[in-house]
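Please consider the following chain and the surface that its fold presents. The paragraphs below lead from the overall architecture to two surface patches.

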Amino acid sequence: MIILIILSLLLGGYSLYLIKKHKEDTHTNFILFGIDLDELKKKTLYLSSELDNKIKSSEESLLEKLKETNNQNQIDNSIKHEQLISNEFKKLRSDINKDLNDIVESVKNIKVF
């Protein structure tokens, strides 16, 4: 029983040693390949902030263009609406004038008894 406890403690300690060694080897391998983890983190943060800035500026530019397009569309719609109303009134006036002329002609043709 005591042997099992000793073996489990030895295996646990050896496992911790291997985990620690693996972390050091990984860091050493990065340094061997010319990559410093701290430098890599700095570059990653820098690139991330640059990407965020580009996205924000693109969003702002797109939003400004959409606002301009919306304003122009509202102006165009207003102009078209006025033209449509004007044309409808012209047509209505023409129809009323025709009807009035017809009424005047009818009244002229009426014979008084």
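What percentage of the 113 residues in the protein chain is buried? Buried residues, meaning those under 20% relative accessible area (exposed is over 50%, partly exposed in between; 1.4 Å probe, protein chains only), account for 0% of the chain. This is a predicted model, in which local features need pLDDT of at least 70, side-chain atom pairs count only at pLDDT 80 or more, and totals for chains, interfaces and linings use all residues. Residues are numbered from 1 along each chain as its sequence is written, and side-chain values use heavy atoms, without hydrogens and water.

The chain contains two helices and zero strands, taken as DSSP runs numbered from the N terminus (helices H or I, at least four residues; strands E, at least two). Helix H1 spans residues 2-32 and includes Ile 6, while helix H2 spans residues 37-108 and includes Glu 105.

Ile 6 counts as partly exposed because its relative accessibility is 47%. Ile 6 also belongs to a nonpolar surface patch of about 1,000 Å², whose other members include Met 1, Ile 2 and Leu 10. Patches consist of residues with over 30% relative accessible area and no salt bridge (a side-chain nitrogen of Lys or Arg within 4 Å of a carboxyl oxygen of Asp or Glu); nonpolar side chains (Val, Leu, Ile, Met, Phe, Trp, Tyr) are joined within 5 Å and like charges within 9 Å. Accessible areas come from the Shrake-Rupley method with a 1.4 Å probe, and for residues only the protein chains shown count as cover.

Glu 105 is likewise partly exposed, because its relative accessible area is 43%.
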